[in-house]
Amino acid sequence: MEPLGDKFRALAEAIERESVLVHRAALIDGYRDIYKYSTFGIDKLIKKAAEYGGKKGAKILKERYGVYTDRLDEALEMLTVIAESSRLIEVFEFDVEAKEIRVEGSILVEAVGKSSKPVCEPMAGFFAGFLSELLEKKIDVKETKCAAQGHERCVFKISI
């Protein structure tokens, strides 16, 4: 297995070559508008699309950059780099033993504001897709606490 440092160099190269720039305000306004239709089930469609995006991203890392791991901690380290470099969140932390991801400064919370239910399920979809593809096993990620609900941070539970 290659050293983790080599994986991060490949990851940085992939982010630079494979990513596109979308204005932050456009993402906030777009999600705010789309979220209004979540009662019609569009939120599940958005989460599924984000899951596909996560799988596609991990597949590109594997096929084009030779990045492989079967360890959850390494996969989450890579996801940290992707998440924080995306500017969609401010802080991404994880606890492997608790199987949790903790996020602060979510752009989706910024878009929606206060909510009685979690608003960051698209992130959960992306995380699930990325981890499932990279680790080559079914991973589910569910947002259990959301800053939009008044919690200090968003918390996602990982199920393997």
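Which residues have the most contacts inside the largest nonpolar core? Select L131 and F156: they hold that place in a core of 42 residues. A nonpolar core here is a set of buried Ala, Val, Leu, Ile, Met, Phe, Trp, Tyr and Cys residues joined through side-chain atoms within 4.5 Å. Buried means under 20% relative accessible area, exposed means over 50%, and partly exposed is in between, with a 1.4 Å probe and protein chains only.

Before you click further, note that this is a predicted model, in which local features need pLDDT of at least 70 and side-chain atom pairs count only at pLDDT 80 or more, while totals for chains, interfaces and linings use all residues. Residues are numbered from 1 along each chain as its sequence is written, and side-chain values use heavy atoms, with hydrogens and water left out.

**Stop 1: the core**

Colour the elements that give two or more residues to this core: α1 (4-18), α2, α3 (42-65), α4 (72-86), β2, α5, α6 and β4. Of these, α6 gives the most, with eight residues. Helices (H or I, at least four residues) and strands (E, at least two) are DSSP runs, numbered from the N terminus.

Now centre the view on F156, which is buried with a relative accessible area of 0%. Contact means heavy atoms within 4.5 Å. Leaving aside neighbours within four places in sequence, the contacts of F156 are K99, E100, I101, V103, C120, M123, A124, F127, V141, K142, E143 and T144.

**Stop 2: aromatic rings**

Show the rings next. A search of the whole structure finds five aromatic pairs. Rings of Phe, Tyr and Trp (its six-membered ring) pair if their centres lie within 6.5 Å; planes under 30 degrees apart count as stacked, over 60 as edge-to-face and the rest as tilted.

Select Y37 and F40 for a tilted pair, with 6.3 Å centre to centre and 35° between the planes. Y37 is partly exposed at 48% relative accessible area, and F40 is exposed at 69%.

Then go to F127 and F156, an edge-to-face pair with 5.2 Å centre to centre and 80° between the planes. Because F127 lies in helix α6 and F156 in strand β4, the pair ties together parts that are 29 residues apart in sequence. F127 is buried, at 3% relative accessibility. Add F92 to the selection: F92, F127 and F156 form one aromatic cluster.

**Stop 3: helix α2**

Select residues 24-35, which make up helix α2. Its end C-alpha atoms are 16 Å apart, in agreement with the 16 Å that its 12 residues should span at 1.5 Å a residue. The expected span is 1.5 Å times one less than the number of residues in the helix.

Which residues of α2 are buried? Pick out I28, Y31 and Y35. They cover an arc of only 75° around the axis, so they sit on the same side of α2. The arc is that of the directions from the helix axis to the C-beta atoms. The buried residues of α2 pack against α5 (107-112) and α6 (121-135).

**Stop 4: salt bridges**

Side chains of opposite charge can pair when their charged atoms come close. A salt bridge is a side-chain nitrogen of Lys or Arg within 4 Å of a carboxyl oxygen of Asp or Glu, and the count comes to 14.

Try E104 and R153, which meet in a salt bridge at 3.0 Å, N to O. This pair links distant parts of the chain, 49 residues apart: E104 is in strand β2 (residues 100-104) and R153 in the loop between β3 (140-145) and β4 (154-159). E104 is partly exposed at 26% relative accessibility, as is R153 at 23%. R153 also meets E152 in a salt bridge at 3.4 Å, N to O, and E152 is exposed at 66%.

Elsewhere, D33 and K36 form a salt bridge with their closest N and O atoms 3.7 Å apart. D33 is partly exposed at 42%, while K36 is exposed at 58%. For a network of salt bridges, select K48, E51 and K55.

**Stop 5: positive phi**

Most residues other than glycine have a negative phi, and most peptide bonds are trans. Select R87, which is not a glycine and has a positive phi of about 65°. R87 lies in the loop between α4 and β1 (91-95) and is exposed, at 61% relative accessible area.

Finish at E136, where phi is positive too, near 55°. E136 lies in the loop between α6 and β3, and its relative accessible area of 59% counts as exposed.
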